[in-house]
Amino acid sequence: MRTKKLDRWTPLSILGLLILCFFAVICVAPFLYMVIMSFTQSTTLIIHWRDVNFTDFSNFVYVFTKSGFVRALINSIVVVGCSCFFNCLIASMAAYGFEKKNFPGKEALFRVYLITLMIPGQVTMIPTFIIMNNLGLLNTYFALVVLIINAFGVFLIRQFMSGVPDELLEAAKVDGCPELRIFFRIVVPLIQPVLISLVVFTFVTSWNDFLWPLISTTNSDMYTLTVALSLLKTQYQTNYGLVLAGATVSFVFPFLMYVILQKQFVEGIALSGIKG
Amino acid sequence: MAEDRSGLPLLYLMIHNNDLVLLRTVPKSGGTSLTRKRREAVQGILYVLPSFILLIVFCIIPIFMSVYFSFTDYNVMKAPALSGFSNYQKMFQDTYFVASMKNTLIYVLVTVPLQTILSLLFAAFLASKMSKMRAGGFLRSVMFIPVIASAVTAGTIWRIIFNADNGLLNTFLGFFHIPALNWLGSTQTALISICIVAIWKNVGYFLVIYYAGIMGISRDLYESSAVDGATPAQQFFRITMPMLKPITYLVVTLGIIWSFQVFDLSYLMTGGGPGKATVTLVMSIYNAAFKQYRMGYACAQAVFLLLVVVVINVLEDKVFNRGEV
């Protein structure tokens, strides 16, 4: 067995491994550079270890106190939290309706949902901006959250929903379980794995969203982290340590989320890919 | 947010009222299957309703509004005034828009094939050589890290790495005596630099999709073909690639749709410059709408973007389905 495994490592495959490792290094190196640089005060671009002081948080302190990052961080957390909650709720309700109930025009409507996934967001962006402007909803959490909710969640959960046994729902119905309790007490716990995947997706989409917050927030109190970071970059062009400290703050939350929920990240993408 | 939360009890009430009505009007023994069907239909519609309303208000109506605005002059202050096809005519004489179209096209043509091929090759390698090794899982996790960073974060870091004066990349290349380049400051390399970052950021995502797809292919196929003397290369081209066709379709489709929407990276890294070298289609839309307040003109560009994406999807569909037989 062992020799067989060794046989498979031809010179060509070792070259492949080296290329792969090289790419992996390129994937992490910029982030390591970002973190290390955010602990230096020097204005050079090369890491000089004598300038690096991991106990010196002054860049972070400056970012938080002087440039409105605290407010932006809170905004991002609120927007991401609401996006995840409402996207899961609305998408799982719709997916349940599509998969477990019958109503006329169901599949045609679902096809419309799928088609909307193909439409670039920029096509609807300007009218949406005008609608929000007329309703006085610019600079609100509502505007930032509502656009995150799209048909993707419905599509993703429906894939999973087909695995929920109809007999179980029938049995609950026969026992006189009210409809909404069937949904919240039986269906929702059963689709929990895919809900976690959707939370992960929504988290990353919403946290990283840039163009819509850039347009829909004109009041600096409503900026999200991505917008705040892009402004930091313009304000402090050459203060690289400071800019990268801001980048580190905006990266650390999705990164922690990824470390904790790695499996769900990957499974969610794989699920959407294989069946899509 | 308030209306969403209060929507729930309302929905609950409606479903229950409906139950009551149906129970009262129809004798229990008789046409239960019919009433059950109707009740189920009503319930189904109610479940779908919240997402349907959002879809109508924030996706479908805006598309029609976009199309309508694209035939008007509209600056937000005054009501839109119909102007026929003039926005579309202006578009193709506008050097800024033409440059943005050209850049976006180059960007798509560079990133989509490269990221698709790289992620497929990496996935195939990881699946065939390292699927049982912890190192394989580790490599996959590491390559996914750029995916979770926002384009804003990635753009911020890479702008600094690409810096012409002693930036990390130029210093690194200096070790191999490769002369320093003004990556983002020169019209020749700025767009390519953005493509590199995009590929760097996307490979991990598509790799995960491809990897799952390859792991889904039956091992027997590989084992029996190996017995028949197939080389790894033959296995790749005769088994892996054909079996992955639906996944490649997805990867290419997503890649094209996303790439046409590129904005963040070039906004952060170059701001469209130098000159018009990295202006993208979405940046042109953004500038027309939110810098110049020419909403009608911006909508015309957005509709054009939609048409391009639709046409490319239809063509791609044809290409993929022709080989199907």
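Me: What span should the 26 residues of H8(B) have, at 1.5 Å a residue?
Reply: In this predicted model, helices are DSSP runs (H or I, at least four residues) and strands are E runs of at least two, numbered from the N terminus. The expected span is 1.5 Å times one less than the number of residues. The end C-alpha atoms of H8(B) are 38 Å apart, which agrees with the expected 38 Å.

Me: Which residue is the kink in H8(B) centred on?
Reply: The bend at a residue is the angle between axes fitted to the seven residues ending there and the seven starting there. In H8(B) the kink is about 35°, and its centre is Asn202(B).

Me: How many of the 26 residues of H8(B) are buried?
Reply: A residue is buried if 20 or more other C-beta atoms, placed from the backbone, lie within 10 Å of its own; 12 or fewer make it exposed, and in between it is partly exposed. H8(B) is largely enclosed by the rest of the structure, because the buried count is 22.

Me: Which helix gives the most residues to the largest nonpolar core?
Reply: A nonpolar core is a set of buried Ala, Val, Leu, Ile, Met, Phe, Trp, Tyr and Cys residues joined through C-beta atoms within 7 Å. The largest one has 168 residues, and Ile126(A), Ile157(A) and Tyr210(B) touch the most other members. With 17 residues, the top giver is helix H8 (residues 190–215) of chain B.

Me: Where does this core lie with respect to domain 1 and domain 2 of chain B?
Reply: The domain bounds come from an automatic or database domain assignment. Domain 1 (2–69) and domain 2 (89–322) of chain B both give residues to this core, so it lies between them.

Me: Which helix gives the largest share of the side of chain B that touches chain A?
Reply: Residues are in contact if their C-beta atoms, placed from the backbone, lie within 7 Å. The contact takes 76 residues from chain B and 76 residues from chain A. On the chain B side, 18 residues come from the largest contributor, helix H2 (residues 32–69).

Me: How many residues of H11(A) are buried?
Reply: Helix H11 (residues 192–208) of chain A has end C-alpha atoms 24 Å apart, in agreement with the expected 24 Å. Its buried residues include Trp207(A) and Asn208(A). The helix is mostly covered, and of its 17 residues the buried ones number 12.

Me: How are residues numbered?
Reply: Chains are lettered from A and ligands numbered from 1 in the order in which they are written. Along each chain, as its sequence is written, residue numbers start from 1.

Key
This is a predicted model: local features need pLDDT of at least 70, side-chain atom pairs count only at pLDDT 80 or more; totals for chains, interfaces and linings use all residues. Two residues are in contact if their C-beta atoms, placed from the backbone, lie within 7 Å.
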